[in-house]
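Biologist: Please choose a single part of this model and take me through it closely, residue by residue where that helps, and then set it beside the rest of the chain. I would like the cut-offs stated as you go.

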Amino acid sequence: MMEEPKESELKEAPYVSPSKGTLGQRAKKYIASKTAGTTLGRKIINSFLGTDGEKIVAALTAAAVKFHGKKEGIDARTGLYKIATKVRLAVDQKQLKKEDTLHADMPLNQFGIQLLDALSKPAGSTNVKMLQGNISRIQSIVCEIMKAHLQEKNYNKLKHLFEIYGAGGFLSAVLDNEDYQSEKKELYGHLSKVLKRQMLQLERQRNARKPKQCAAYQCSNGAAPQIGNFIGSKYCAYHHMLRYANKLKEPVLEEFISDSEASPYFAQYLSAFEATIVDEQKETLNGTKPLTLFNFLRAVNAYEELSSGLRLQRAEIVARKYLKASSSNFVGVDKAVCDKVRADMEAPPKSTRSPNVHPRRARRSSLGSYLPSRELFEPVCSLVRSRLKAVFSPGFLKSRQYETFSKTIRLPPELVKLAEKQAAAAEAAAVAEKKTGS
């Protein structure tokens, strides 16, 4: 049975004050701090969420005033505006980049769906404890992202916002208490307009009333549902455990390069800890940015999946971007290796050309153009993988990013028990079939 992370492993890292930046950046921060609770804060909320943004804040504030009292509710609104201003400032100054938040996309998307679902249901039909648990999860992710961009007082304000809006009693009041139904209706109406993609996903989930069947061959069990941090699976609990057990026990680099669900977590780690990684792996990386190596392998994967007619053009793009010594994305391998790939791309051995070639392709071949193999970049990939493996283990595997990813595929205790029952049933069926066959 797989164990849940120990409590000590989930403790929040100590707060470290961020750099104050240049004089110009400090001036912007000072102006932002003086205007964050007024018109600027509202404008920024609306720039993020559209015209519904202010109405969402108004509904949240009205509910918070009812539950926590006028002062607490108004202070929470002011804090919300202030944090929104700080986020916008970090984005504008390019201190907060898209790659810093990649690992948060999936959890936030899942939470958006869960929140819309809870607000649309009648009173008493939502598991408030589970919703509160997911809010705590989102708090951990968001606070970790923003820690480097907020002074301690503002960082504490961010945590306090989650305490105000994520309190179990507050959630129960908004979802189940008749006195809060107008605020609940307002929140659902405006959030459903802002979270259009999540609303579509929720509608698809509701339309699929019949439980999905496990994707494993000849398995009649239902697919494992989403529970808490676990994002659900196209397999039943038993086959999910079989398929993902090694990903948790013995994770490998290749999966975190090619897998669309796992790769964003590795990319975020490489970006967030770039300076530390480059310093610790000086000899291995030789000054090359680890994210460049990651992007190269992703680019080669995309190249290998192309049809033959498109590979030459893509090969030239990849070679120009990653194998040219003057490029800012040069992967830093020996010139001889790069030259060999370039030579194979431009002038392949005659033995590789098929005699049975369409006339149009033959004309292309006579002009020096041909269809390169999928293995064209393998000599470079082999060297790049060996460098990233030194970063992958143990560094990434001990990181918060990997911990967050592992929670999304680790079966919760109730599904582990179900998996054990399904495994016993499968074994009994196999024994019965064997007896019948003999």
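Modeller: I would choose helix α21, which is largely enclosed by the rest of the structure because eight of its 10 residues are buried; buried here means under 20% relative accessible area, exposed means over 50%, and partly exposed lies in between, with a 1.4 Å probe and protein chains only. The model is a predicted one, in which local features need pLDDT of at least 70 and side-chain atom pairs count only at pLDDT 80 or more, while totals for chains, interfaces and linings use all residues. Residues are numbered from 1 along each chain as its sequence is written, and side-chain values use heavy atoms, with hydrogens and water left out.

The buried residues of α21 are Q401, Y402, E403, T404, F405, S406, T408 and I409, and they pack against α6, α11 (237-249), α12 (255-258) and α13 (263-272), a contact being heavy atoms within 4.5 Å. The helices are DSSP runs of H or I with at least four residues, and strands are runs of E with at least two, numbered from the N terminus.

Two salt bridges involve this helix, the term meaning a side-chain nitrogen of Lys or Arg within 4 Å of a carboxyl oxygen of Asp or Glu. One of them joins R400 to E144, with 3.5 Å between the closest N and O atoms. This pair links distant parts of the chain, since R400 belongs to α21 (residues 400-409) and E144 to α6 (residues 128-146), 256 residues apart. R400 is partly exposed at a relative accessible area of 26%, and E144 is likewise partly exposed, at 29%.

The other lies within α21, where the side chains of E403 and K407 meet at 3.7 Å, N to O. These two residues are four apart, about one turn of the helix. An α-helix has 3.6 residues a turn, so residues three or four places apart point the same way. E403 is buried, with a relative accessible area of 18%, whereas K407, at 22%, is partly exposed.

A pair elsewhere offers a useful parallel: K335 and D339 form a salt bridge whose closest N and O atoms are 2.7 Å apart, and they too are four residues apart, about one helical turn, in helix α18 (residues 335-346). There K335 is exposed at 62% relative accessibility, while D339 is partly exposed at 38%. By the rule given above, the salt bridges number 11.

As for the wider setting, the protein chain has 22 helices and zero strands, and 40% of its 438 residues count as buried. Of the contacts between residues at least 6 apart in sequence, 73% join residues at least 24 apart. The chain exposes about 24,900 Å², of which carbon and sulfur atoms supply 52%, the areas coming from the Shrake-Rupley method.

One helix packing outside α21 is that of α3 (residues 52-68) with α8 (residues 168-176), at an angle of about 115° and with axes 10 Å apart; axes are lines fitted to C-alpha atoms over the stretch in contact, and angles run from 0 to 180 degrees between N-to-C directions. The contact is made by L60, A63, A64, F67 and H68 of α3 together with G169, F170, A173 and V174 of α8.

Note on methods: Areas by Shrake-Rupley, 256 points an atom, 1.4 Å probe, with all protein chains shown as cover.
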